[in-house]
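Open the model in your viewer and keep the sequence panel beside it. The stops below each give a selection to make and then say what is there.

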Amino acid sequence: MRIHVVDHPLVAHKLTTLRDKRTDSPTFRRLSDELVTLLAYEATRDVRTEQVDIESPVCATTGVKLSHPRPLVVPILRAGLGMLDGMVRLLPTAEVGFLGMIRNEETLKAETYATRMPDDLSGRQVYVLDPMLATGGTLVAAINELIERGADDVTAITLLAAPEGVEVMQRDLAGAPVTVVTASVDERLNEAGYIVPGLGDAGDRMYGTA
Ligand code: URA
């Protein structure tokens, strides 16, 4: 598992406004959308392409286009949905799958309650969207599900990460073909499971509901 913290003044600027508790839901949604597009630019640096021959108005030349099978984008419900538009803006030809994850209150483990994606992910690049890498439980479970379906190249895009969650991913996905791209690794998780300083509950701030 590799982690890539995107170091860019525009990323830092947008993230600061997202953190600000005075930022309302419409602004929060717009800024996270813009931030995801910036993160997606970095996250797709190794997207697979193939060479093509084309003709410009001036002459024949060669270029590249995205390879087949097309990349798969998988938002984790609910808050990952708020990242989908910002991602597919850069990858409009990607296919989109969905993963609904919930914590089992008895085992405290993340479990899948809804899945919509191809059964066979071998040979596909998969981009998983989840705004907050907190304990790491959800992302590890989601990525294991993708790997079980044959995914051999997974990139998780998160707005924020906690060091505790990064550690769990490094332990549980050691050696797995996984990269995490994030705008910041914050200080810590608090007793309530919130990232500090963080930005609060990402789903609530996006959708304005409790
Ligand atoms: N999920 C959130 O939405 N916020 C946090 O700080 C941690 C997990």
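Start by selecting strands β10 and β12, which pair in the parallel sense over five bridges. Strands here are DSSP runs of E of at least two residues, helices are runs of H or I of at least four residues, and both are numbered from the N terminus. Two strands count as paired if DSSP finds at least two bridges between them.

Two points about the model come before the next stop. Residues are numbered from 1 along each chain as its sequence is written. The model is predicted, so local features need pLDDT of at least 70 and side-chain atom pairs count only at pLDDT 80 or more, while totals for chains, interfaces and linings use all residues.

**Strand β10 and its partners**

Within the β10–β12 pair, find T158, which stands opposite T182 in β12. Now add β8: β8 and β10 pair in the parallel sense over four bridges, and L129 stands opposite I157 in β10.

How many of the five residues of β10 are buried? Five of the five are. A residue is called buried if 20 or more other C-beta atoms lie within 10 Å of its own, exposed if 12 or fewer do, and partly exposed in between, with C-beta atoms placed from the backbone. In a regular strand the side chains alternate between the two faces of the sheet. In β10 both faces are covered, with V154, A156 and T158 buried on one side and T155 and I157 buried on the other.

**V180**

Select V180, in strand β12. V180 is buried because 28 other C-beta atoms lie within 10 Å. Not counting residues up to four places away in sequence, V180 touches M1, I3, H4, L133, A156, T158, A161 and M169; contact means that the C-beta atoms, placed from the backbone, lie within 7 Å. Add V5 to the selection: V180 and V5 are 175 residues apart in sequence, but their C-alpha atoms are 8.2 Å apart in space.

**The nonpolar core and helix α2**

The largest nonpolar core has 55 residues, of which V126, V128, L129, I143 and I157 touch the most other members. Helix α2 gives the most to this core, with seven residues. Such a core is a set of buried Ala, Val, Leu, Ile, Met, Phe, Trp, Tyr and Cys residues joined through C-beta atoms within 7 Å.

Select L129 from that list. Leaving aside neighbours within four places in sequence, L129 is in contact with V73, V74, P75, I76, G80, M83, L84, M87 and I157.

Next, select α2, residues 25–43, which has 19 residues and reaches 26 Å from its first C-alpha to its last, close to the 27 Å expected at 1.5 Å a residue. The expected span is 1.5 Å times one less than the number of residues. The buried residues of α2 are F28, L31, S32, L35, V36, L39, A40 and A43. An α-helix has 3.6 residues a turn, so residues three or four places apart point the same way. The elements that the buried residues of α2 pack against include α1 (9–19), β8 (126–129) and β10 (154–158).

**Helix α4**

Select residues 137–148. The end C-alpha atoms of α4 are 16 Å apart, which agrees with the 16 Å that its 12 residues should span at 1.5 Å a residue. T138, L139, V140, A142, I143 and L146 are buried in α4. Just after α4, G150 takes a positive phi of about 100 degrees.

**Strands β2 and β3**

Is β2, residues 49–55, mostly covered or hardly covered? It is hardly covered, with zero buried residues among its seven. β2 pairs with β3, residues 60–66, in the antiparallel sense over seven bridges. Q51 has V64 in β3 as its bridge partner, and a hairpin of four residues joins β2 to β3.

**Two cis peptide bonds**

Most residues other than glycine have a negative phi, and most peptide bonds are trans. Select H68 and P69, which are joined by a cis peptide bond with omega about -5 degrees. P69 is in the loop between β3 and β4 (72–77). A cis peptide bond also joins V196 and P197, with omega about 0 degrees, and P197 lies in the loop between β14 (195–196) and α6.

How values were computed: Two residues are in contact if their C-beta atoms, placed from the backbone, lie within 7 Å.
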